Amino acid sequence: MKQAGVLSPEARGAIVPTARTRAVTVLIACALTTFAATPLSAQVGSPAGAVPVDLLEQRRSALLDAIGNGVAVVRAAEARTIQVDHPQESDYRENNDFFYLTGLEAPGSYLVLVAGGDSREAILYMPPRDPGQEQWTGEKLGLGPEAAALTGIASVRSMERIRPELGRLLERAAKVYGQVAGAEACGGRQPCVPALDRIGIEAVDPQGVAPLTAALRLVKDADEMRRLRRAIDITAEAQREAMRAITPGMFEYEIEAIIEYTFRRNGAERVGFPSIVGSGPNSVTLHYDRNRRQTEAGDLVVMDIGAEWGYYTAEVTRTVPVSGRFTTRQRAVYDIVLGTQQAAIDAVKPGVTIAELTRIAQQYMETNSGDVCGSESCRRYFLHGLSHWLGMDVHDVGDYARPLEPGMVLTIEPGIYIASEQIGVRIEDDILVTATGHEILSGAAPRTAEEIETAMALGANEAGRRDADPATTTKGNDHVLR
């Protein structure tokens with residue numbers, strides 16, 4: 001005798017789904033798909049998308065290995081409130097280390113890693129959602145399965161539990177690592193109170209977690225390289241667009257506008273650092289970023305720029321002649337800088353240090369200056385370092401004495417600055433260390449004098465054709481921005 005309400009296999013097989021049941025099935029499938037790729041993710045609406053969970057787990061595992069028998073506390077950045085007088089202060093950028101380990105933008109949250117004996121655990125503490133605030137600023141990721149799915153962290157808890165629970169964990173820990181007072185307090189770009197201080201927990205001799213995460217971040221994984229490559233490609237495109245548009249009489253801020261429009265048009269959330277567009281006398285100021293001067297025929301203009309895409313930033317510098325062609329004098333200086341850079345790039349391979357690359361660059365400039373800089377070498381006009389690490393910050397974290405390894409990314413940027421002649425030349429490229437040598441990631445930006453002059457001539461020809469055809473004539477350099 002059949003149980004009431006239970007269909008036989010034959011009866012189940014004979015059922016044909018109705019339109020209603022098919023619709024319900026589709027809706028459930030869509031809901032599950034939406035949940036798996038919830039918009040309340042690492043970067044809402046960002047083309048960079050989410051960090052793969054397996055990579056996040058590998059990063060946390062490596063940090064757990066580094067802390068040994070201990071507890072590491074990494075907190076997210078605080079949400080910035082909208083200020084009428086300073087609206088840009090509302091831009092939220094996550095703490096680098098927190099994003100690196102969780103892949104989340106989660107204001108006010110804490111990541112706690114616990115290692116001891118055979119026990120290893122990751123706990124994510126998050127503030128409760130505030131529907132009233134979200135009415136103004138948009139939905140926030142809160143407690144629930146979404147955060148666990150995005151991070152691979154099974155234990156997601158309310159911030160209301162952190163003080164008693166973390167206090168007990170710290171009592172048993174042999175070592176405590178956290179964001180300590182000083183420059184590494186948050187590991188991001190906004191000031192903050194150190195993690196433990198903020199929640200009122202005292203730890204005996206807390207150690208900084210930043211040196212541990214810096215060592216991990218120095219060698220990039222696949223998702224980091226995906227983001228970094230895209231940031232660099234966008235920046236190279238911006239250099240090309242600027243070269244096509246520059247003409248004498250443009251203001252530096254007009255060039256900056258073309259550059260940063262190109263960034264945003266291609267999905268960059270922000271600049272990696274304030275754009276440097278220094279022409280004429282400003283070309284010899286290393287970190288000039290006011291960008292207010294009107295360019296003149298015969299000027300050189302240094303464009304030191306970097307788009308940030310998915311929390312990773314590029315830095316690519318080119319020096320171009322405003323008139324479209326280098327003078328003989330400018331070209332002589334330019335070629336020494338280019339040769340110096342190439343000598344250093346050629347030497348990039350595993351096992352070499354940045355200090356050794358610097359000596360190679362300096363020696364090249366000493367040997368090849370000729371009389372371009374008078375009776376002395378042009379090295380006296382090389383006023384800054386040759387290189388820095390590149391990643392989540394433009395001058396990224398990491399030990400500069402550490403020999404190069406595959407997966408590291410650094411810049412090579414020699415320069416010559418002769419203030420008396422208003423000649424400043426800097427050339428900077430982003431270099432990936434590979435198993436057999438290196439790869440120039442920013443090679444899409446014209447680099448040699450010939451390539452730059454060709455790019456500028458093409459832009460001038462396009463502008464000339466448009467000016468000759470009334471149907472295509474536009475005001476100023478609007479053609480670049482379409």
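Contact here means heavy atoms within 4.5 Å. The views below show a predicted model.

**View A. Surroundings of E453 in helix 14.** Helix 14 spans residues 449-468 and contains E453. With residues up to four places away in sequence left out, E453 touches G324, R325 and F326. One of these residues, F326, offers its backbone nitrogen to the side chain of E453 at 3.0 Å. V320 and E453 are 133 residues apart in sequence, yet their C-alpha atoms are 8.1 Å apart in space. The relative accessible area of E453 is 10%, under the 20% limit, and E453 is therefore buried.

**View B. The open sheet of six strands.** The strands follow the order 4-3-2-1-5-6, with mixed pairing. Strand 4 (155-158) and strand 6 (207-208) stand at the edges; each has a single partner strand, so one side of each lacks a neighbour in the sheet. Strand 1 (residues 70-75) and strand 5 (residues 175-178) run parallel and are joined by three bridges. Within strand 5, V176 is the residue opposite V71.

**View C. The aromatic pair of F99 and Y311.** Four aromatic pairs are found in a search of the whole structure. In one of them, F99 and Y311 are stacked, at 4.2 Å centre to centre and with 15 degrees between the planes. The pair links distant parts of the chain, 212 residues apart: F99 belongs to helix 4 (residues 96-102), whereas Y311 lies in the loop between strand 10 (307-309) and strand 11 (312-313). F99 and Y311 are both buried. R270 is placed over the face of Y311, 5.9 Å from the ring centre.

How values were computed
Residues are numbered from 1 along each chain as its sequence is written. This is a predicted model: local features need pLDDT of at least 70, side-chain atom pairs count only at pLDDT 80 or more; totals for chains, interfaces and linings use all residues. Side-chain values use heavy atoms; hydrogens and water are left out. Two strands pair if DSSP finds at least two bridges between them. Helices (H or I, at least four residues) and strands (E, at least two) are DSSP runs, numbered from the N terminus. Buried means under 20% relative accessible area, exposed over 50%, partly exposed in between (1.4 Å probe, protein chains only). A polar contact is a pair of N or O atoms within 3.5 Å; within protein, one must be able to donate a hydrogen and the other to accept it, and residues adjacent in sequence count only if both atoms are side-chain atoms. Rings of Phe, Tyr and Trp (its six-membered ring) pair if their centres lie within 6.5 Å; planes under 30 degrees apart count as stacked, over 60 as edge-to-face and the rest as tilted. A charge sits over a ring if NZ of Lys or CZ of Arg is within 6 Å of the ring centre and within 35 degrees of the ring normal.
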